[in-house]
Every structure is written in C-alpha cells, then in structure tokens.
Amino acid sequence: MEIKIGVQNIGREIVLESNQDADAVAKVVEAAITKGSELRLTDEKGRVIIVPGNALGYVEIGAEEARRVGFGQF
C-alpha cells in the first residue's frame with residue numbers, strides 16, 4: 001500500500017510502498033503523534049523511514065489493492 005507523509009515546513013512529501021496493513025500503520029502513526037515519539041516505518045524493500053512525531057503534518061494511508069498484471073487499459 002502507498003503511504004504519503006507530509007512533514008511540517010517541508011515542501012515535498014515522503015512517499016513509500018509498505019507491506020504493512022492499514023490498521024497497523026494507523027496505530028504506529030497515532031502513537032507517534034500522541035507520544036511525540038518518532039514515526040518509524042519500513043518500506044517493501046526493507047528500508048526504514050524515520051520521522052519525528054512532532055514534525056508530522058499529515059499521513060495519507062492508501063487503500064490496499066491487488067497489483068495489476070498485463071497490458072490492460074488504465
């Protein structure tokens with residue numbers, strides 16, 4: 001699933017693909033915001049993204065969707 005993270009005072013957003021489900025990501029984001037701790041997510045290639053919880057502007061969690069295979073119309 002695609003996750004977009006907006007950081008305060010930064011013009012670009014962080015975009016990553018994750019294998020985690022939406023509920024697990026939402027819980028991690030909620031904990032980072034309420035506790036002011038770091039938001040730590042792992043993308044599908046195993047890279048770790050760390051953002052300070054107090055610097056988060058927004059987090060957009062995309063819907064889980066099956067990947068399409070083949071040459072179909074978009």
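Ser-18 is buried, with a relative accessible area of 2%. In this predicted model, the residue sits in the loop that joins strand 2 to helix 1. Beyond its neighbours up to four places away in sequence, Ser-18 touches Met-1, Ile-3, Thr-42, Asp-43 and Glu-44. Its side chain also takes part in polar pairs: the side chain reaches the backbone nitrogen of Gln-20 at 3.1 Å, and one of its polar atoms lies 3.4 Å from the backbone oxygen of Thr-42.

A second loop residue, Glu-13, is found between strand 1 (2–7) and strand 2 (14–17). Glu-13 counts as partly exposed because its relative accessibility is 35%, a value that falls between the 20% limit for buried and the 50% limit for exposed. Leaving aside neighbours within four places in sequence, the contacts of Glu-13 are Lys-4, Ile-5 and Tyr-58. With Tyr-58 the contact is polar and joins the two side chains at 2.4 Å. The C-alpha atoms of Glu-13 and Gly-57 are separated by 9.6 Å, although these residues stand 44 residues apart along the chain.

The polar pairs of both loop residues are listed below.

| Side chain | Partner | Distance |
|---|---|---|
| Ser-18 | backbone nitrogen of Gln-20 | 3.1 Å |
| Ser-18 | backbone oxygen of Thr-42 | 3.4 Å |
| Glu-13 | side chain of Tyr-58 | 2.4 Å |

These loops belong to a chain with one helix and five strands, arranged along the sequence as β-β-α-β-β-β. Among contacts with a separation of 6 or more, 48% are between residues 24 or more positions apart. Of the 74 residues, 24% count as buried. The accessible surface comes to about 5600 Å², and carbon and sulfur atoms hold 49% of that area.

In soluble globular proteins, nonpolar side chains tend to be buried together. Here the largest nonpolar core has 14 residues, and those with the most contacts inside it are Ile-3, Ile-5, Leu-39, Leu-41 and Val-51. Strand 1, helix 1 (22–35), strand 3 (38–42) and strand 4 (48–52) each give two or more residues to this core. For Leu-39, the residues touched, not counting those up to four places away in sequence, are Ile-5, Val-28, Val-29, Ala-32, Ile-49, Ile-50, Val-51, Gly-53, Leu-56 and Val-59.

The core and the loops also meet in individual contacts. Ile-3, one of the core residues with the most contacts, is touched by Ser-18, and Ile-5, likewise named in that group, is in contact with Glu-13.

How values were computed
Residues are numbered from 1 along each chain as its sequence is written. This is a predicted model: local features need pLDDT of at least 70, side-chain atom pairs count only at pLDDT 80 or more; totals for chains, interfaces and linings use all residues. Side-chain values use heavy atoms; hydrogens and water are left out. Helices (H or I, at least four residues) and strands (E, at least two) are DSSP runs, numbered from the N terminus. Buried means under 20% relative accessible area, exposed over 50%, partly exposed in between (1.4 Å probe, protein chains only). Contact means heavy atoms within 4.5 Å. Accessible areas come from the Shrake-Rupley method with a 1.4 Å probe; for residues, only the protein chains shown count as cover. A polar contact is a pair of N or O atoms within 3.5 Å; within protein, one must be able to donate a hydrogen and the other to accept it, and residues adjacent in sequence count only if both atoms are side-chain atoms. A nonpolar core is a set of buried Ala, Val, Leu, Ile, Met, Phe, Trp, Tyr and Cys residues joined through side-chain atoms within 4.5 Å.
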